[in-house]
Amino acid sequence: MIHLTLEYLFLAGTISVYIYYIFRLTACFVKKKQGIFWNIAAFIGIWLTGDMVVFPEDPINIAAMLLLYTATVFLFYGGTNIEKISVVLILFPIMVSVNFITTDLTGLIYFRLTPGGYFLDRLLTWISYMLRVLFWAGIYHGFQKKLSRMAGLMTAKIWLLPDMICTAAFIGSITVISTARIENAWTAYPSCIACIVASLGCIWLCLYIGDAVRQELENENMKLRQSYYEELEQNQLAIRKLRHDMNNHLGIIGSFMETGEYEKALDYFKKLQVAAAAGSRKFCENGLVNAVINAKYNLAEKLDIPCFINMELKKVYDMDDVSLCTIFANLLDNALEAASGIPEKEKRRLSLKARLVGDALCIEVENTFAGEVKEAKGRLVTTKEKAEGHGYGLRSVRDVVELYGGHIQISHEDGIFRVTIWIGHLSGAAA
């Protein structure tokens, strides 16, 4: 009895390690929900999926595995729907192929190449699971670091390519498995191996695309930081100039005071205050975002565009500064370009509102524009030369919003162009 108990515990431990790697690898694609309950539920769901036996001429188990793994990912993991579908399409074909090959191969050895027996049956079963442990451990340790860096970089459109490849390979594999006869099940091995290679190739493709997107974001980050430092330099030059001229300014104020022209002195002092603060307004706590908005605000003043900015925003966790700056910089660039195209300066207007509501980031940008907004090849354009910039920047904004599973709504009527963005599920967001 003790021997049997130890045997089952040893086998259960081996299975647990095998399932653990699938559990962790799944979390590299889609975030685990926070909480011990969700983790345990996800582990159990993957255990039930991964421990299913795949036989030839038996598509029922494959269908049951697919439904169970899909339900596990959708119920117990976070992320967007396209991310969840993608992880199922990439990892599930590997699970089916590996389970089929290891089960059938050890069965082939047991029934055809050995005299059989209980001990040999247990040994081959353990070898079958050890092969799975080695296989999944190799994938996890080979891809884990890069997959973690890839998280959040793939948009819905980018996921379509690996999804289609994996779907085609998987359909071919399960067709061969389901139609192969038991006595010739080994004929399905090449198809299963091809399916595994295709899925691993798709993982590599995702990593390659993710690195390319990350490089693009880093380049954008460098541009934004350059803009930030240029803004700081301009501010410092303005401050040094004010300090240099301070004696003259104080002399002018003193002369007004001596002659009793207190209102002129006060008016002159207020103008000095405005000039000193012009390049250093504080719209939010994020230094990089604040510098970007300052630069756009100063540009709006040069273009004679009245700006209203209301930001109740301190820190947004789970969202990098580059993504935030990409949203604000492109939206404000578009708005400024469109508003500056209005000949009548009194009709120009721009407003920016941004705040955190619970775990959601809400942004709204409004601006006046002249002409008629049209859509051509998925890009917004207007009939006015100065107002046609909306289509270029909005593409970058859409990409960022899609990365974080948010929504963007665009409206344009009665000379008002409005972009509203909502990005939820930002854990740790602080207002």
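With the whole chain displayed, colour by burial: 42% of the 431 residues in this predicted model are buried. Switching to a cartoon brings up a secondary structure that comes to 12 helices and 7 strands. If you draw the contacts between residues with a separation of 6 or more, 70% of them join residues 24 or more positions apart.

**The annotated segments**

Select next the residues 6–23, 35–54, 60–78, 85–111, 123–143, 164–182 and 188–209, each of which an unreviewed UniProt entry lists under "transmembrane region". Two of these spans can be examined from end to end. Residues 6–23 are 100% helix and 0% strand, and the C-alpha atoms at the ends of this span lie 25 Å apart. Residues 123–143 are likewise 100% helix and 0% strand, with 30 Å between the end C-alpha atoms.

**The open sheet**

Move on to the strands and select β1, β2, β3, β7 and β6, which in that order form an open sheet of 5 strands with mixed pairing. The edges are taken by β1 and by β6 (407–413), each of which has a single partner strand, so one side of each is left without a neighbour in the sheet. Direction ignored, neighbouring strands of this sheet are turned by 10 degrees against each other on average.

Begin at the edge strand β1 and add β2 (residues 350–357), with which β1 pairs in the parallel sense over 6 bridges. Labelling I309 and its bridge partner in β2, L352, marks one place along this pairing, and M311, which stands opposite A354 in β2, marks another.

Now extend the selection to β3 (residues 360–368), which pairs with β2 in the antiparallel sense over 8 bridges; here L356 stands opposite L361 in β3. Between β2 and β3 there are 2 residues, the two strands forming a hairpin, and in its turn G358 has a positive phi of about 65 degrees.

**A stop at E312**

Return to β1 (residues 307–312) and select E312, which lies in this strand. Is E312 buried or exposed, or does its relative accessible area fall between the two? With a relative accessible area of 41%, E312 is partly exposed, because that value falls between the 20% limit for buried residues and the 50% limit for exposed ones. Setting aside residues up to four places away in sequence, E312 touches A354, R355 and L356. A distance drawn from the C-alpha atom of E312 to that of K353, 41 residues apart along the chain, comes to 8.2 Å.

**Two helices across the sheet**

Finally, show α10 and α11 together with the strands. Helix α10 lies across β1 and β2 and runs at about 165 degrees to β1, whereas α11 lies across β1, β2, β3 and β7 (416–423) and runs at about 15 degrees to β3.

How do these two helices stand to one another? Helix α10 (residues 287–302) packs against helix α11 (residues 321–339) at an angle of about 10 degrees, and their axes are 9 Å apart. The two helices are therefore roughly parallel to each other. To see the side chains at this contact, select L288, V289, V292, I293, K296, L299 and A300 in α10, which meet D321, L324, C325, F328, A329, L332, D333 and L336 in α11. Coloured by class, the residues of this contact divide into 12 nonpolar, no polar and 3 charged.

Terms used
Residues are numbered from 1 along each chain as its sequence is written. This is a predicted model: local features need pLDDT of at least 70, side-chain atom pairs count only at pLDDT 80 or more; totals for chains, interfaces and linings use all residues. Side-chain values use heavy atoms; hydrogens and water are left out. Axes are lines fitted to C-alpha atoms, for helices over the stretch in contact, and angles run from 0 to 180 degrees between N-to-C directions. Helices (H or I, at least four residues) and strands (E, at least two) are DSSP runs, numbered from the N terminus. Angles under 35 degrees count as roughly parallel, over 145 as roughly antiparallel, 65 to 115 as roughly perpendicular and the rest as oblique. Contact means heavy atoms within 4.5 Å. Ala, Val, Leu, Ile, Met, Phe, Trp, Tyr, Cys and Pro count as nonpolar, Asp, Glu, Lys and Arg as charged, and the others, Gly among them, as polar. Buried means under 20% relative accessible area, exposed over 50%, partly exposed in between (1.4 Å probe, protein chains only). UniProt positions are given in the numbering used here, feature names are shortened, and annotations may be inferred rather than shown by experiment. Two strands pair if DSSP finds at least two bridges between them.
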